Amino acid sequence: MRIFICFSILGFSIELFQAAVLTVSVILGSAVSVVPAGLGVRELVGAFISPLINVLPEQTFLAIALNRIFGMLFFVGLSG
């Protein structure tokens with residue numbers, strides 16, 4: 001749901017099905033441990049998958065990056 005909200009915040013419209021597919025791509029991107037904390041890998045995987053579900057890669061990259069920022073802020077606030 002957070003990815004769907006990130007698209008909405010950025011002014012891009014997607015359907016819930018598309019957000020669900022991108023959520024799977026985020027999970028797959030997190031599983032790759034090529035770089036510390038998977039920096040950029042989630043966004044890259046999402047951008048590659050996005051044309052398959054009729055979403056622009058640029059929009060997907062920005063939304064997944066915003067999703068990462070919101071996730072970090074949430075957990076920083078939770079730990080504080």
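**Helix α1 against helix α4 in a predicted model**

Good morning. The crossing of α1 and α4 is right-handed. The model in which this crossing appears is a predicted one. The two helices span residues 2-9 for α1 and residues 57-79 for α4. Their axes come within 9 Å and cross at roughly 115 degrees.

Which residues make up this contact? On the side of α1, they are R2, I3, C6, F7 and I9. On the side of α4, their partners are Q59, T60, A63, L66, N67, F70 and G71. By character, the residues of the contact of α1 with α4 comprise seven nonpolar, four polar and one charged.

Let me now turn to the chain as a whole. It holds four helices and zero strands, and its pattern along the sequence reads α-α-α-α. The chain has 80 residues, of which 32% are buried. Among contacts with a separation of 6 or more, 53% join residues 24 or more positions apart. The accessible surface of the chain amounts to about 5,100 Å², and carbon and sulfur atoms account for 75% of that surface.

I close with a single residue, L56. Where does L56 lie? L56 sits in the loop between α3, residues 41-49, and α4. Is L56 buried or exposed? Neither term applies: L56 is classed as partly exposed because its relative accessibility is 47%, and that class covers values between the 20% limit for buried and the 50% limit for exposed. Along the chain, L56 and F12 are 44 residues apart, while their C-alpha atoms are separated by 9.7 Å.

Thank you for your attention.

How values were computed. Residues are numbered from 1 along each chain as its sequence is written. This is a predicted model: local features need pLDDT of at least 70, side-chain atom pairs count only at pLDDT 80 or more; totals for chains, interfaces and linings use all residues. Side-chain values use heavy atoms; hydrogens and water are left out. Axes are lines fitted to C-alpha atoms, for helices over the stretch in contact, and angles run from 0 to 180 degrees between N-to-C directions. A crossing is left-handed if the near helix is turned anticlockwise from the far one by less than a right angle, and right-handed if clockwise. Contact means heavy atoms within 4.5 Å. Ala, Val, Leu, Ile, Met, Phe, Trp, Tyr, Cys and Pro count as nonpolar, Asp, Glu, Lys and Arg as charged, and the others, Gly among them, as polar. Buried means under 20% relative accessible area, exposed over 50%, partly exposed in between (1.4 Å probe, protein chains only). Accessible areas come from the Shrake-Rupley method with a 1.4 Å probe; for residues, only the protein chains shown count as cover.
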